[in-house]
Amino acid sequence: MTVKKQVLESAAYVRSRLAAAPEIGIVLGSGLGPLAEDITDAVCIPYGEIPHFRTSTAPDHAGRLVCGTLANRQVICMQGRLHGYEGYAPQEIAYPVYVMQALGVRALVLTNASGGINTGFSVGDFMLIEDHINLTGKSPLTGANDSALGTRFPDMTFAYAPDLREAAQQAAQACGLTLRRGVYCGVNGPQFETPAEIRAFRALGADAVGMSTVFEVIAAAHCGLPVAAVAMITNMAAGVLMQPLSGAEVNEIAARRGADFRRLITALVQKI
Ligand code: HPA
C-alpha cells in the first residue's frame, strides 16, 4: 500500500470521529501537553485507534489527538509527538503531518522544548523558529518519493512561513510577551549535547537545540503545509551555565511557563 493510501485511510478514520473539519494542526512538545485542556468540545482519539498511526512512548506525551475549538478555530492537536530517540524512523515521525494535511488543515503550529544556545536568551524564554539546521543526518523523505504526497526535492526556503512568523510576533505583542527569534538545531538525542557540541552549533548559527520538529517541518514543506513553530527555552544548553542538565528541569520550566505559552499559542491560532 502506498503511503498516500495509508494517509487517506488514517484521515478517513479521524474524519469519521469529528463533527467539523479541522482548520489548524497543532503539535505539543515536551511538557506542553496541558495546552490541549484549553480545547473545548474536544474529541480525543488515542493514536492506537487510528489506522497506521504509531503510539508515543516519551514521558509526559499522552499520545492522542485532541480535536475541537480553540480561539474560535477548529483545531486538531497532537498531544504527544513521536521522537527519533524512541526508535521511530523519520518517516513514522512525519506521518501525522501528512494526515493533518489530508484532513484539510491550512497551517501547522509546532511547539517544542529547547535548550538555549544564544547567550542572550534566558530559561523560560519563547523563541519563534525562523529556520532550522537538521543535524540528525536523516530525512523523512529518504527512499522512493510518493509524488502523490509531494515533490522529490522540496524547497525549504519558506518552510517557516513568513506570514505565520508575522502572525506569531503579533500574537506575542497582543499577549504582552517577548518572543525571541532564532534558528533551531535538530538533533537525535536522547543524550543532551556536550559543551563542545553546543559551541559548534553556536558557530554554525544555531540559537536553540532540541530533539524534535525538523522531520515534521520537512514533511510539511513536502506536502505544502505552512508552518509556524515556537520553542520554549526550558534550559540553557550544555556548557552555557556549566551546570548539569536534566529532563526534570525541562518539565519543571515547561510547567512554570505553561500558562503564558498557552496564551501565546492560543493568540497565534486566533490570528491564522
Ligand atoms: N538539548 C536538546 N534537547 C532539548 C534540550 C537541550 O538542551 N532542552 C530541551 N530539549
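Which helix gives the largest share of the lining of the largest cavity? In this predicted model, that share comes from helix α5, residues 214–222, which contributes 3 residues to the lining. The briefing below begins with the enclosed spaces and an open pocket, then turns to pairs of charged side chains, and ends with two residues that are worth locating in the structure above.

**Cavities**

- Rolling a probe the size of a water molecule over the atoms shows where empty space is left.
- The structure holds 2 cavities of 30 Å³ or more, and the largest cavity encloses about 90 Å³ of space.
- The lining of the largest cavity is made up of 14 residues, and those closest to its centre are Gly84, Met211, Ser212, Thr213 and Phe215.
- When the lining residues of the largest cavity are sorted by character, 6 are nonpolar, 6 are polar and 2 are charged.
- The second largest cavity holds about 40 Å³ of space, and the residues that line it include Met236, Ala237, Ala238, Gly239, Val240 and Glu249.
- In the lining of the second largest cavity there are 8 nonpolar residues, 2 polar residues and 1 charged residue.

**The second largest pocket**

- The second largest pocket has a volume of about 330 Å³, and of the 21 residues that line this pocket, Val3, Gln91, Tyr98, Pro140 and Leu149 lie nearest its centre.
- Two elements, α1 (3–17) and α2, each give two or more residues to the lining of this pocket, and the largest share, 6 residues, comes from α2.
- The lining of the second largest pocket divides into 10 nonpolar, 7 polar and 4 charged residues.

**Salt bridges**

- Side chains of opposite charge can pair when their charged atoms come close.
- The structure holds 12 salt bridges, and one of them joins the side chains of Glu92 and Arg54, with a distance of 2.5 Å from N to O.
- Because Glu92 lies in helix α2 while Arg54 lies in the loop between β2 (40–46) and β3 (64–70), this pair ties together parts that are 38 residues apart in sequence.
- Glu92 is partly exposed, with a relative accessible area of 24%, and Arg54 is also partly exposed, with a relative accessible area of 39%.
- Another salt bridge is formed by Glu216 and Arg81, whose closest N and O atoms are 2.9 Å apart.
- This second pair links distant parts of the chain, since Glu216 sits in helix α5 and Arg81 in the loop between β4 and α2, 135 residues apart.
- Is this pair of residues, Glu216 and Arg81, buried or exposed? Both Glu216 and Arg81 are buried.
- Asp125 forms a salt bridge with Arg180, and here the closest N and O atoms are 2.8 Å apart.
- The pair again links distant parts of the chain, with Asp125 in the loop between β5 (107–116) and β6 (126–134) and Arg180 in strand β7 (residues 179–186), 55 residues apart.
- Asp125 counts as buried because its relative accessible area is 15%, under the 20% cut-off for buried residues, whereas Arg180, at 29% relative accessibility, counts as partly exposed.
- Charged residues can also join in a network of salt bridges, as Glu37, Asp38 and Arg262 do.

**Glu86, a buried charged residue**

- Glu86 lies in the loop between β4 (73–79) and α2 (90–102).
- Although Glu86 is buried, this residue has no salt bridge, and the nearest side chain of opposite charge, that of Arg81, is 8.3 Å away.
- What lies 2.7 Å from a polar atom of the side chain of Glu86? The backbone nitrogen of His83 lies at that distance from the Glu86 side chain.

**Val214, a buried residue of helix α5**

- Val214 lies in helix α5, and this residue is buried, with a relative accessible area of 2%.
- Val214 and Leu135 are 79 residues apart along the chain, and their C-alpha atoms are separated by 9.2 Å.

How values were computed:
Residues numbered from 1 in each chain as written. Predicted model: local features only at pLDDT ≥ 70, side-chain atom pairs only at ≥ 80, totals over all residues. Heavy atoms only, no water. Helix = DSSP H or I, 4+ residues; strand = E, 2+ residues; numbered from the N terminus. Buried < 20%, exposed > 50% of the residue type's maximum accessible area, 1.4 Å probe, protein only. Lys, Arg positive; Asp, Glu negative; His and termini not counted. Salt bridge = Lys/Arg side-chain N within 4 Å of Asp/Glu carboxyl O. Polar contact = N/O pair within 3.5 Å; in protein donor to acceptor, adjacent residues only side chain to side chain. 1 Å grid on protein atoms, 1.4 Å probe; cavity = no way out; pocket = protein on both sides within 12 Å on 5 of 7 lines; lining within 4 Å. Points joined across faces, edges and corners; volume = space filled by probe spheres on them. Nonpolar A, V, L, I, M, F, W, Y, C, P; charged D, E, K, R; others polar.
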